[in-house]
Amino acid sequence: MKYISTRGNAPELTFEDVLLTGLATDGGLYVPKDVPQFSLEEIESWRDLPYTELAHKVIYPFVEGCVDSAALQKMLNEVYSGFGHKAVAPLQQIDHNEYVLELFHGPTLAFKDFALQLLGRLLDYVLERRHEKVVIMGATSGDTGSAAIEGTKACRNVDIFILHPHGKVSEVQRRQMTTVKGDNIFNIAIEGNFDQAQDMVKASFGNQQFLRGERKLVAVNSINWARIMAQIVYYFYSALNLGGPLRPMAYSVPTGNFGDIFAGYMAKKMGLPIEQLIIATNSNDVLHRLMSKNQYEVHPLQHTITPSMDIAVSSNFERLLFDLYDRDGAKLADLMARMNAKKDVVSLDEDKLAKARALFDSYAVNEDSTVTTMQEVFGETGYLLDPHTAIGVKAARECRRNPRIPMITLGTAHPVKFEDAVLRAGFDMPKLPHHLTDLMAREERMNVLPADLATVQSFIAEHTFKD
Ligand SMILES: *Cc1c(COP(=O)(O)O)cnc(C)c1O
């Protein structure tokens, strides 16, 4: 499988090189050149496969030529046997024909484990063969950092540096990062806000001179294709469990950077019958405004009780735009330049918008309505939703087109991670799952540094692969 940039002006890469890169050299994102296609008969024949074997069917075409088939299966077995639920991605019914797909049984209790656990193993596999080592650098306001650290803690060829804003991450989320043991893990608490941390990461990717020797930086945010790839699997898994592909499914996806929902769009392109895909956002609703009014306008970031969806721009949307504009890289480069200029309101061509609307519905949910939905669903079922998932459920109920088609909301996190929302909805905090019961007593390791690029970069250079 070859990968091409959405802006049409960067070299074609293999999976291996895409895995080890961030953005393409032309500023675009990598996407597969051809999308693997499965017939209904073939998908149907997978009905009885456990999660790990189904994952192999879906993922292998994307990595073929770079990762050996048996090695991939071994990695998948290791990754998903570490999850806290034997079904890996179980469905919870919340109403007639309405479900939550629980994606929070991984080590850090959010869906990001599905991809980042695999990413860590893929990196080590490829790096071992190439006799290379890389440095992961990322900024987090919560879920990504802990999932990336858990995913790479056992990697021999990866050092990982995660920046978080000092004192601005919840205690559970901070401890999920700072209590993980490993000589290759470095938590940097920046005396500043998330945007400052993010800017330092961007600047470091732009100029990697500060790293010693041949080292280079690898991105673990959802611009890394391997993350999207791993997330396609659970759309197939949930559909097969509810009678697909012989009947279509509808999905509602709590969305920030458009990674998780893009995986659903991929599943559909690969042949899974998906009738409806709903983009559910919080009040950072740049995508909903575009979809509903054809106005793309970046507003300042708002901090909400659903912090993992707090984004001002949605980076993976570019991957969809690439398809909407018939994979014309030059046109897309021009459109992205206008969208990123953040000066004028940008509109899509009417026919492109029509295509987007045929593929997606969208809905924005404010904080009050998020909390009300948590209360409502608890009242109806005794099931406590995390606030991100509640946004998905609310959007599902507002946008549903056909009540006879199963509606599946992606349950993106466990409520125990989001104390503010749980307390505001009037619930007691749920208990931490078994493997985390002593989280609050574990020893923490982090370095507090000023929000100064040179200081952070010299810290990283000093601590990278000392042996
Ligand atoms: C990351 C995250 C999201 C948003 O996912 P995207 O792929 O960025 O759209 C939603 N909910 C939770 C709990 C998350 O951690």
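# A chat about two sheets and a ligand

Me: Where does proline 245 lie?
Reply: Proline 245 lies in the loop between helix 9 (225–241) and strand 10. Bear in mind that this is a predicted model.

Me: Is the peptide bond from glycine 244 to proline 245 cis or trans?
Reply: That bond, glycine 244 to proline 245, is cis. Its omega is near 0 degrees.

Me: And what about phi of asparagine 97?
Reply: Phi there is near 60 degrees. That is a positive value, and asparagine 97 is not a glycine. Most residues other than glycine have a negative phi, and most peptide bonds are trans.

Me: Where is asparagine 97?
Reply: In the loop that links strand 4 and strand 5.

Me: OK, sheets. What is the strand order in the open sheet of six strands?
Reply: The order is 4-5-13-10-11-12, and the pairing is mixed. The edge strands are strand 4 (91–95) and strand 12 (361–364), each pairing on one side only. From one strand to the next, the twist averages 25 degrees.

Me: How many bridges join strand 11 to strand 12?
Reply: Four, and the two strands run parallel. Strand 11 covers residues 274–281. Within this pair, isoleucine 279 stands opposite serine 362 of strand 12.

Me: Which strands does helix 11 touch?
Reply: Helix 11 (residues 286–293) packs on the sheet and touches strand 11 and strand 12. Its direction makes about 130 degrees with that of strand 12.

Me: And which strands does helix 16 lie across?
Reply: Helix 16 (residues 387–399) lies across strand 4, strand 5 (98–102), strand 10 (249–254), strand 11, strand 12 and strand 13 (407–411). Helix 16 runs at about 125 degrees to strand 11.

Me: Now the open sheet of three strands. What order does it have?
Reply: The order is 2-1-3, with antiparallel pairing. Strand 2 and strand 3 stand at the edges with a single partner strand each, so one side of each has no neighbour in the sheet.

Me: How many bridges pair strand 1 with strand 2?
Reply: Two, between strand 1 (residues 2–5) and strand 2 (residues 13–14). Tyrosine 3 faces leucine 13 of strand 2 there, standing opposite it.

Me: How many join strand 1 to strand 3?
Reply: Three bridges, with strand 3 spanning residues 30–32. Here isoleucine 4 stands opposite valine 31.

Me: Switching to the ligand. Which residues come nearest?
Reply: Of the 15 residues around the ligand, Lys112, Asp143, Gly256, Asn257 and Asp260 come nearest.

Me: How does the shell divide into nonpolar, polar and charged?
Reply: Five residues are nonpolar, seven polar and three charged.

Me: Which ligand atom lies 2.5 Å from aspartate 143?
Reply: An oxygen atom, and the partner is a polar side-chain atom of aspartate 143. An oxygen atom of the ligand is also 3.2 Å from a polar backbone atom of phenylalanine 258.

Me: What lies 3.0 Å from a nitrogen atom of the ligand?
Reply: A polar side-chain atom of threonine 412.

Me: What share of the ligand's accessible area does the protein cover?
Reply: The protein covers 96% of the 380 Å² that the ligand has on its own.

Terms used. Residues are numbered from 1 along each chain as its sequence is written. This is a predicted model: local features need pLDDT of at least 70, side-chain atom pairs count only at pLDDT 80 or more; totals for chains, interfaces and linings use all residues. Side-chain values use heavy atoms; hydrogens and water are left out. Two strands pair if DSSP finds at least two bridges between them. Axes are lines fitted to C-alpha atoms, for helices over the stretch in contact, and angles run from 0 to 180 degrees between N-to-C directions. Contact means heavy atoms within 4.5 Å. A residue is near a molecule or strand if one of its heavy atoms lies within 4 Å of it. A polar contact is a pair of N or O atoms within 3.5 Å; within protein, one must be able to donate a hydrogen and the other to accept it, and residues adjacent in sequence count only if both atoms are side-chain atoms. Accessible areas come from the Shrake-Rupley method with a 1.4 Å probe; for residues, only the protein chains shown count as cover. Ala, Val, Leu, Ile, Met, Phe, Trp, Tyr, Cys and Pro count as nonpolar, Asp, Glu, Lys and Arg as charged, and the others, Gly among them, as polar.
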